[in-house]
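I opened my notebook for a friendly wander through this fold. Here is what I looked up, entry by entry.

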Amino acid sequence: MASPRVFPLSCVVQQYAWGKAGSKSEVARLLASSDPLAQISEDRPYAELWMGTHPRGDAKILDNRISQKTLGQWIAENQDCLGQKVKNTFKGKLPFLFKVLSVETALSIQAHPNKELAEKLHLQAPEHYPDANHKPEMAIALTSFQGLCGFRPVEEIVTFLQKVPEFQALIGEDATAQLKQSMAGGPEAMASALRNCFSHLMKSEKKVVVEQLNLLVKRISQQVFDGNSMDDIYGKLLLQLHQQFPGDIGCFAIYFLNLLTLKPGEAMFLEANVPHAYLKGDCVECMACSDNTVRAGLTPKFIDVPTLCEMLNYTPTPSEDRLFAPAQSQDDPYLSIYDPPVPDFTVMKMEVPGSVTEYKVSALDSASILLMVQGAVAAITPTVQAEIPLQRGGVLFIGANESVSLKLTLPKDLLLFRACCLL
């Protein structure tokens with residue numbers, strides 16, 4: 001009998017310390033909805049739900065017709081399920097990892113290398129950079145989601161240098177003057193001056209950083225106590241980050257990087273060499289299969305300041321330009337497509353009104369993973385007669401060239417996300 005190519009998955013929860021605790025976490029809520037036997041502990045963090053074949057979180061197949069196997073093991077034996085182009089391009093492996101993240105504490109000032117740099121870093125320091133792949137990422141908000149992404153316009157940074165003397169003290173007078181002068185020059189002058197300023201900050205002596213940060217925290221705290229708003233210098237956010245990471249240089253990054261607050265459905269794409277950090281909220285994330293992250297602050301993990309300062313893209317952009325807008329499908333009024341300029345992954349969002357009794361998930365020339373965020377359906381495929389019940393938190397693997405019909409079992413709106421590889 002041929003192996004089924006559509007089946008439910010049991011995915012891996014990662015309980016990293018930065019995650020939201022218990023039922024505050026969307027990861028925990030999805031887990032509780034999909035598995036009635038799941039016991040959610042209110043004092044444990046539920047940070048990430050991994051849907052894919054990562055060695056540290058390979059999903060388990062929930063199908064009696066397939067003997068106890070992980071998704072990675074099954075794909076290794078059934079590579080055609082990936083789709084011919086995906087199979088050939090990515091050497092018989094699923095090229096993406098699909099996730100849900102629930103962030104309570106900031107997740108490091110970081111960037112990801114391109115393939116060329118990834119190969120170099122992996123050769124030089126495999127203990128810190130464990131593979132030779134790039135790691136582009138996309139985050140799509142499920143709840144209000146706050147993050148830092150890309151360098152701000154230079155005029156905004158200059159304003160912060162004027163309003164925050166503690167910040168200016170770390171940058172220094174010469175680098176500050178160069179940045180101001182660069183505003184009259186072209187893009188190259190601004191990028192060069194920005195590199196100089198950011199490098200000055202990141203390479204500051206720890207003792208000096210702690211002194212200036214303590215001065216700033218004291219000043220903001222006093223102003224807030226006196227009833228004054230410090231929103232113009234992100235006072236509340238700075239106090240929050242300092243509480244999470246006392247004395248950390250990454251607290252000053254809020255004056256260099258765009259602060260984004262994504263509404264549900266809004267996305268940001270994090271290409272190679274773009275500095276970023278997730279601060280708070282719940283999102284769906286898709287990324288190329290890699291563990292390569294270059295960090296420089298707001299983290300207890302390995303920090304590599306020289307590599308980060310050297311690799312970054314110092315082109316300043318307005319915050320609105322960091323939003324990644326999906327395309328609306330021409331064929332399906334309920335389908336939005338987030339298709340970044342990398343081959344590894346695409347994410348589709350399906351919002352289906354509860355008045356629709358049946359919705360068809362179209363066949364693709366790619367394996368895909370479907371996540372049910374809202375609603376309840378019975379999934380039916382042409383090749384398998386049995387229905388697969390799928391409710392909030394349910395995850396379905398769909399092999400290449402397989403379509404799936406979703407019959408709504410409750411007249412409630414559906415929200416689904418689907419990760420795939422459109423070559």
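**Entry 1: ground rules.** Before I place any residue in a strand, I note that strands here are DSSP runs of at least two E residues, numbered from the N terminus. I also note that I am working with a predicted model.

**Entry 2: odd backbone angles.** I looked for residues with a positive phi that are not glycine. Ser-108 turned up, with a phi of about 45°. I placed Ser-108 in strand S8, residues 107–111. Is Ser-108 buried or exposed? Its relative accessible area is 4%, and since buried means under 20%, Ser-108 counts as buried.

Leu-298 was another one, with a positive phi of about 55°. I found Leu-298 in the loop between strand S14 (294–297) and H11. Leu-298 is buried too, with a relative accessible area of 1%.

**Entry 3: what the record says.** I checked the unreviewed UniProt entry for domains. It annotates residues 6–154 as "Phosphomannose isomerase type I catalytic". In the model, I find 22% helix and 29% strand in that span, and its end C-alpha atoms lie 50 Å apart.

The unreviewed entry also gives residues 337–375 as "Phosphomannose isomerase type I C-terminal". That span is 0% helix and 51% strand, with 20 Å between its end C-alpha atoms.

**Entry 4: the eight-stranded sheet.** I then traced an open sheet of 8 strands, in the order S6-S1-S22-S19-S24-S17-S16-S15, with antiparallel pairing. Which strands sit at the edges? They are S6 (60–61) and S15, each of which pairs on one side only.

I walked inwards from the S15 end. S15 (residues 327–328) pairs with S16 (residues 335–338) in the antiparallel sense, over 2 bridges. The two strands form a hairpin, and 6 residues lie between them. Gln-328 has Ser-336 as its bridge partner in S16.

The next step goes from S16 to S17 (residues 346–352), an antiparallel pairing with 4 bridges. There I found Tyr-338 opposite Val-347. S17 in turn is joined to S24 (residues 414–420) by 7 bridges, again antiparallel. Across that pairing, Val-352 stands opposite Leu-414.

A reminder to myself for reading the side chains: in a regular strand they alternate between the two faces of the sheet.

**Entry 5: the four-stranded sheet.** I also found an open sheet of 4 strands, ordered S18-S23-S20-S21 with antiparallel pairing. Its edge strands are S18 (358–361) and S21 (384–391), each pairing on one side only. Ignoring direction, neighbouring strands of this sheet are turned by 25° against each other on average.

For the inner strands, I noted that S20 (residues 376–381) and S23 (residues 404–408) pair antiparallel over 4 bridges. Ala-378 stands opposite Lys-407 there.

**Entry 6: aromatic rings.** How many aromatic pairs does the whole structure hold? My search result was 17. I started with Phe-198 and Phe-256, an edge-to-face pair at 5.3 Å centre to centre, with 85° between the planes. This pair links distant parts of the chain, 58 residues apart: Phe-198 is in helix H8 (residues 187–202), while Phe-256 is in the loop between helix H10 (235–244) and strand S11 (257–262). Both rings belong to buried residues.

Phe-198 has a further edge-to-face partner in Tyr-314, at 6.3 Å centre to centre and 65° between the planes. Here the separation along the chain is 116 residues, with Tyr-314 in the loop between helix H11 (305–311) and S15. Phe-198 has a relative accessible area of 0%, and Tyr-314 counts as buried at 4%.

Ring pairs join these residues into a cluster that includes Phe-151, Phe-160, Phe-167, Tyr-234, Phe-252 and Tyr-255.

**Entry 7: the faces of H7.** My last stop was helix H7 (residues 173–182), where Ala-175, Thr-176, Leu-179 and Ser-182 are buried. Why do I say they line one face? Seen down the axis of H7, the buried residues fall within an arc of 125°, so they share one face of the helix. They pack against helix H5 (154–163), helix H6 (165–171) and H8. On the face turned away from the buried side, I noted the exposed residues Glu-173, Asp-174 and Gln-181.

Methods
Residues are numbered from 1 along each chain as its sequence is written. This is a predicted model: local features need pLDDT of at least 70, side-chain atom pairs count only at pLDDT 80 or more; totals for chains, interfaces and linings use all residues. Side-chain values use heavy atoms; hydrogens and water are left out. UniProt positions are given in the numbering used here, feature names are shortened, and annotations may be inferred rather than shown by experiment. Two strands pair if DSSP finds at least two bridges between them. Rings of Phe, Tyr and Trp (its six-membered ring) pair if their centres lie within 6.5 Å; planes under 30 degrees apart count as stacked, over 60 as edge-to-face and the rest as tilted. Buried means under 20% relative accessible area, exposed over 50%, partly exposed in between (1.4 Å probe, protein chains only). The arc is that of the directions from the helix axis to the C-beta atoms. Contact means heavy atoms within 4.5 Å. Axes are lines fitted to C-alpha atoms, for helices over the stretch in contact, and angles run from 0 to 180 degrees between N-to-C directions.
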